[in-house]
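User: I would like to go through this model and its ligand step by step. Please keep the answers short.

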Amino acid sequence: MIVITGATGNIGRSLVRRLHGHDPLAVVRRPIEDLGGPYTLADFEQPRTIGGLLSPGDRLFLNSGLWPGVVEAHRAVIDLAAEAGVAQIVAVSVRDAAPGAPLGMGMHGEIDEHLRKSGVPYAILQPTGFMQTLPRDVRDGTLYGAYGPAPVNYIDTRDLADVAAALLTAPVGPGREYLLTGPESLSHEAIAAEITGALGREVRYVNLSVAEMAAHLERQGVPEPFAGELARLQARTGDGSWAPVTTVVRELTGHAPRSWQDFLAGHRDAFA
Ligand SMILES: NC(=O)c1ccc[n+]([C@@H]2O[C@H](COP(=O)([O-])OP(=O)(O)OC[C@H]3O[C@@H](n4cnc5c(N)ncnc54)[C@H](OP(=O)(O)O)[C@@H]3O)[C@@H](O)[C@H]2O)c1
């Protein structure tokens with residue numbers, strides 16, 4: 001059986017459908033219609049509800065959103081998976097994850113460390129930013145950010161689902177980590193131009209200083225210190241270090257990663 005956590009999320013929804021015929025079991029927190037595969041109710045906040053689903057030889061897709069208790073919850077599920085004799089854990093992390101790093105990178109860094117030491121064969125996915133989460137940052141035809149002019153990479157979460165499906169259905173190999181990117185890196189000004197072309201109405205990128213971006217995020221309801229950390233993170237990923245692309249998606253899936261044009265063709269409504 002392949003147990004899929006985060007099954008209602010961007011990656012999980014695509015993954016459940018891709019694993020049709022491979023004995024998938026989606027984990028969701030509340031009953032849902034039209035997930036495309038069988039599901040059961042369980043919650044990371046009660047790790048044993050997930051651990052209790054696992055049997056020797058199962059494979060586990062480990063993913064969820066982030067909240068203050070996520071490190072403890074994921075570590076507990078990893079321990080329960082090891083106890084149950086799970087054959088492989090494929091976990092979603094993030095590029096530059098490391099203990100002590102800001103925000104999600106620090107949380108993922110701690111979870112990744114635990115997974116590496118768990119004794120369970122693992123695959124840690126380290127993607128760049130998700131194309132699917134960008135539309136929510138566009139308001140009234142404007143995308144604000146503190147990224148500066150350098151190119152930044154984004155990946156379509158459908159490619160992450162393809163990668164996860166490939167890893168979860170191939171023979172289990174030794175523990176490995178995969179730096180996953182989209183096919184090209186663009187400046188945010190160029191991304192705004194792509195969105196403008198796809199929507200047929202102008203979307204412009206406005207670059208702010210870190211302090212201005214933090215204040216902007218606070219006005220949007222993001223509390224301090226997260227607003228400041230998020231703004232600093234944008235400046236950090238915009239320093240060119242999130243520009244290099246890898247060929248890992250193609251190597252693992254046999255197809256090129258989806259471009260901004262591919263993403264925008266199917267997600268115009270997300271910008272409404
Ligand atoms: N956004 C980015 O640009 C980016 C970049 C790199 C890495 N990542 C990482 O990607 C991951 C998110 O992946 P995603 O976008 O596919 O997910 P998502 O769309 O954010 O959805 C989160 C999923 O986690 C589930 N979940 C949250 N709390 C849970 C709990 N206590 N118990 C069980 N399920 C729970 C949610 O279920 P409900 O439907 O019940 O809420 C949902 O299925 C995060 O680890 C994030 O750090 C994100």
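User: Which residues come nearest to the ligand?
Analyst: This is a predicted model. A residue counts as near if one of its heavy atoms lies within 4 Å of the ligand. The ligand has 25 residues around it. Those that come nearest are T8, R29, D43, H108 and F130.

User: How far is a polar side-chain atom of R29 from an oxygen atom of the ligand?
Analyst: A pair of N or O atoms is a polar contact if the two lie within 3.5 Å. D43 has an N or O side-chain atom 2.9 Å from a nitrogen atom of the ligand, and N63 has one 3.2 Å from an oxygen atom of the ligand. For R29, the distance from a polar side-chain atom to a ligand oxygen is 2.8 Å.

User: What share of the ligand's accessible area does the protein cover?
Analyst: On its own, the ligand has 940 Å² of accessible area. The part of this covered by the protein is 79%.

User: Where does the ligand lie relative to domain 1 and domain 2?
Analyst: Domain 1 spans 1–127, and domain 2 is made up of 129–155 + 182–243 + 259–272. Both domains give residues to the shell around the ligand, so the ligand lies between them.

User: How many residues of the shell are charged?
Analyst: Helix α1 (10–18) and strand β7 (129–130) each supply at least two shell residues. By class, the shell has nine nonpolar and 12 polar residues. The number of charged residues is four.

User: In which strand is confidence lowest?
Analyst: The chain averages a pLDDT of 97, and 100% of the residues score at least 70. Confidence is highest in strand β4 (residues 59–62), at 99. With a mean of 93, the lowest is strand β8 (residues 138–139).

Technical notes:
Residues numbered from 1 in each chain as written. Predicted model: local features only at pLDDT ≥ 70, side-chain atom pairs only at ≥ 80, totals over all residues. Heavy atoms only, no water. Polar contact = N/O pair within 3.5 Å; in protein donor to acceptor, adjacent residues only side chain to side chain. Areas by Shrake-Rupley, 256 points an atom, 1.4 Å probe, with all protein chains shown as cover. Helix = DSSP H or I, 4+ residues; strand = E, 2+ residues; numbered from the N terminus. Nonpolar A, V, L, I, M, F, W, Y, C, P; charged D, E, K, R; others polar. Domains from an automatic or database assignment. pLDDT = per-residue confidence, 0-100.
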